[in-house]
Amino acid sequence: MFSLHQFKHLTSAGFARRLSTSTRSPRILVTGSLGQLGSTMVNTLRSKYGQENVIASDIKKPTLAQRSTGPFVYADVLNYRSLDQIVVDYGIDWVVHFSAILSAAGERNPALGLNVNINGFQNILEVAKAHKLRLLSPSTMGAFGPSTPKDDTPDLTIMRPNTIYGISKVHMELLGEYYCEKYGVDFRSLRYPGIISADSPPGGGTTDYAVDIFHAALEHNRYTCFLKAETRLPMAFIDDCITGTVQLLEAPAESLTQRTYNVHACAFSPEELAQEIRRQHSKDFVIDYAPDFRQDIADTWPRTMADVAARKDWGWNPLFGTSEIVRSMLDKLAPVYKNAAIASQSQPTSAELPPAAVTAN
Ligand SMILES: NC(=O)c1ccc[n+]([C@@H]2O[C@H](COP(=O)([O-])OP(=O)(O)OC[C@H]3O[C@@H](n4cnc5c(N)ncnc54)[C@H](O)[C@@H]3O)[C@@H](O)[C@H]2O)c1
């Protein structure tokens with residue numbers, strides 16, 4: 001006869017063995033999934049792992065279209081108990097932690113930035129520790145600071161950022177690595193450059209200009225930039241960003257020689273980007289400059305980052321340079337603006353509407 005203790009041990013060991021030998025797909029929670037990067041990430045993961053295995057979450061309300069692609073739950077990363085419950089209810093194995101307050105938004109509201117980026121991350125780490133989850137939480141080139149070497153910035157270098165965003169991301173990197181070493185939490189991170197995407201609006205970063213400029217070019221053929229003409233920063237296209245993030249998420253732990261990696265794709269200044277837009281879109285495109293507080297942030301960031309380890313350890317291999325990014329952004333956004341222009345032209349003017357219709361509005 002087995003004792004109760006032996007029975008519990010045998011059943012849990014057998015259960016664990018069954019799980020580990022099965023080919024069951026991991027169940028993945030994405031926090032902050034309604035931000036600039038989240039929806040592309042969720043769609044990519046769902047196409048790989050199945051719709052039901054990827055749980056999107058945020059504190060914002062999803063649109064009907066966003067809800068229709070798979071499970072969505074409300075998850076405030078400041079609430080440990082609700083995170084814990086979601087992980088238990090959905091049987092989560094991996095977390096992609098995208099909830100954050102970005103650089104410009106963090107300087108506008110430092111208390112919020114500290115709370116979400118530090119306390120929110122702490123909650124996620126604790127949940128990952130309690131349930132033995134794999135945790136991918138991106139860092140940023142903003143984790144570097146004014147005393148960091150600006151060109152070919154290596155993975156390991158001086159890190160003394162002077163923004164709330166940068167400070168909270170250095171905290172995140174170090175705490176993640178601490179929990180990895182001390183408690184075995186499978187923490188992974190990559191320092192993104194500015195990410196350019198046509199799918200969703202940027203969420204309050206210092207490189208947002210490199211998205212806004214395409215909308216302005218297509219709508220007005222002119223743009224006023226909040227950074228100076230010559231401010232060169234590292235950038236990457238969303239496709240490379242998401243492909244690379246999934247590669248790091250899936251990499252065998254043995255292949256990782258470090259837990260936080262630089263990733264770099266290309267670098268350009270606002271003037272260089274404007275020139276490429278003139279070449280591919282309209283030679284009459286006009287850019288002027290009205291630098292604001294974001295210039296001070298950008299001045300502390302690298303111009304280029306060295307990403308040798310990411311390429312070697314898990315295959316980071318970006319395909320989009322400046323020219324390809326501009327081509328893709330114009331290809332994706334031009335039809336949207338064209339259709340909007342046609343729709344507005346086909347709207348009857350008030351002079352053409354019958355009097356009842358005019359007064360009804
Ligand atoms: N977009 C970039 O260029 C860029 C560059 C470097 C690093 N990153 C990093 O990538 C990740 C995703 O960035 P993004 O651009 O999608 O950011 P975003 O600002 O567009 O989205 C962040 C999301 O977090 C959510 N959020 C805020 N407070 C929350 C809370 N208390 N609980 C749960 N969710 C909350 C917001 O509602 C938002 O949908 C972040 O970690 C960011 O630091 C982004």
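**Exercise 1. A residue in a loop**

Task: Find where K132 sits in the chain, and decide whether K132 is buried or exposed.

Solution. The place of K132 is the loop between α6 (110-131) and β5 (134-136). The model is a predicted one. Next, look at the backbone: K132 is not a glycine, yet its phi is positive, about 55°. For comparison, most residues other than glycine have a negative phi. Last, count neighbours. K132 has 11 other C-beta atoms within 10 Å, and 12 or fewer makes a residue exposed, so K132 is exposed.

**Exercise 2. A second positive phi**

Task: Locate N221, give its phi, and state how far it is exposed.

Solution. N221 lies in the loop between α8 (209-220) and β9 (222-225). The phi of N221 is near 60°, a positive value in a residue other than glycine. For the exposure, the count is 13 other C-beta atoms within 10 Å. An exposed residue has 12 or fewer and a buried one 20 or more, so N221 falls in between and is partly exposed.

**Exercise 3. The helix before K132**

Task: Check whether the length of α6 agrees or disagrees with its number of residues, then list its buried residues and what they pack against.

Solution. Start with the length. α6 has 22 residues, and at 1.5 Å a residue it should span 32 Å. The C-alpha atoms at its ends are 31 Å apart, which agrees.

Now the burial. The buried residues of α6 are G113, V116, N117, G120, F121, N123, I124, L125, V127 and A128. These residues pack against two groups of elements:
- the strands β1 (28-31), β4 (94-97) and β5;
- the helices α4 (80-90), α5 (103-108) and α7 (164-183).

After α6 comes K132, with its positive phi near 55°.

**Exercise 4. The same check on another helix**

Task: Repeat the length check for α9 (residues 238-250) and name its buried residues.

Solution. α9 has 13 residues, and at 1.5 Å a residue the expected span is 18 Å. Its end C-alpha atoms are 18 Å apart, so the expected and computed values agree. The buried residues of α9 are I238, D240, C241, I242, G244, T245, L248 and L249.

**Exercise 5. The partners of a covered strand**

Task: State how many residues of β7 (residues 186-192) are buried, and work out which strands it pairs with.

Solution. Six of the seven residues of β7 are buried, which leaves the strand mostly covered. Take the partners in turn:
- β5 pairs with β7 in the parallel sense over three bridges; here L135 stands opposite F187.
- β6 (residues 139-140) runs parallel to β7 and is joined to it by two bridges; T140 stands opposite Y192.
- β11 (residues 260-262) and β7 also pair in the parallel sense, over three bridges; R191 stands opposite N262.

**Exercise 6. An open sheet**

Task: Give the strand order of the open sheet of three strands and explain why two of its strands are edge strands.

Solution. The order is β8-β10-β12, and the pairing is mixed. β8 (194-196) and β12 (266-268) each have a single partner strand, so one side of each has no neighbour in the sheet, and they stand at the edges. From one strand to the next the twist averages 45°. One pairing can be read in detail: β10 (residues 233-237) and β12 run antiparallel and are joined by three bridges. Within this pairing, L233 has F268 of β12 as its bridge partner.

**Exercise 7. Two residues of one helix**

Task: For V336 and D331, find the helix, the exposure, and the separation from a residue far along the chain.

Solution. V336 lies in helix α13 (residues 322-346). It counts as exposed, with 12 C-beta neighbours inside 10 Å. L218 is 118 residues from V336 along the chain, while their C-alpha atoms are separated by 9.5 Å.

D331 is also placed in helix α13. With 11 other C-beta atoms within 10 Å, D331 is exposed. A198 is 133 residues from D331 along the chain, and the two C-alpha atoms are separated by 9.6 Å.

**Exercise 8. The shell around the ligand**

Task: Describe the residues around the ligand by nearness, element and class.

Solution. There are 30 residues around the ligand, and G32, G35, Q36, S99 and G203 come nearest. By element, α6 and β8 each supply at least two residues of the shell. By class, the shell has 14 nonpolar, 13 polar and three charged residues.

Definitions and conventions
Residues are numbered from 1 along each chain as its sequence is written. This is a predicted model: local features need pLDDT of at least 70, side-chain atom pairs count only at pLDDT 80 or more; totals for chains, interfaces and linings use all residues. Two strands pair if DSSP finds at least two bridges between them. Helices (H or I, at least four residues) and strands (E, at least two) are DSSP runs, numbered from the N terminus. Axes are lines fitted to C-alpha atoms, for helices over the stretch in contact, and angles run from 0 to 180 degrees between N-to-C directions. A residue is near a molecule or strand if its C-beta atom, placed from the backbone, lies within 6 Å of it. Ala, Val, Leu, Ile, Met, Phe, Trp, Tyr, Cys and Pro count as nonpolar, Asp, Glu, Lys and Arg as charged, and the others, Gly among them, as polar. The expected span of a helix is 1.5 Å times one less than its number of residues. Two residues are in contact if their C-beta atoms, placed from the backbone, lie within 7 Å.
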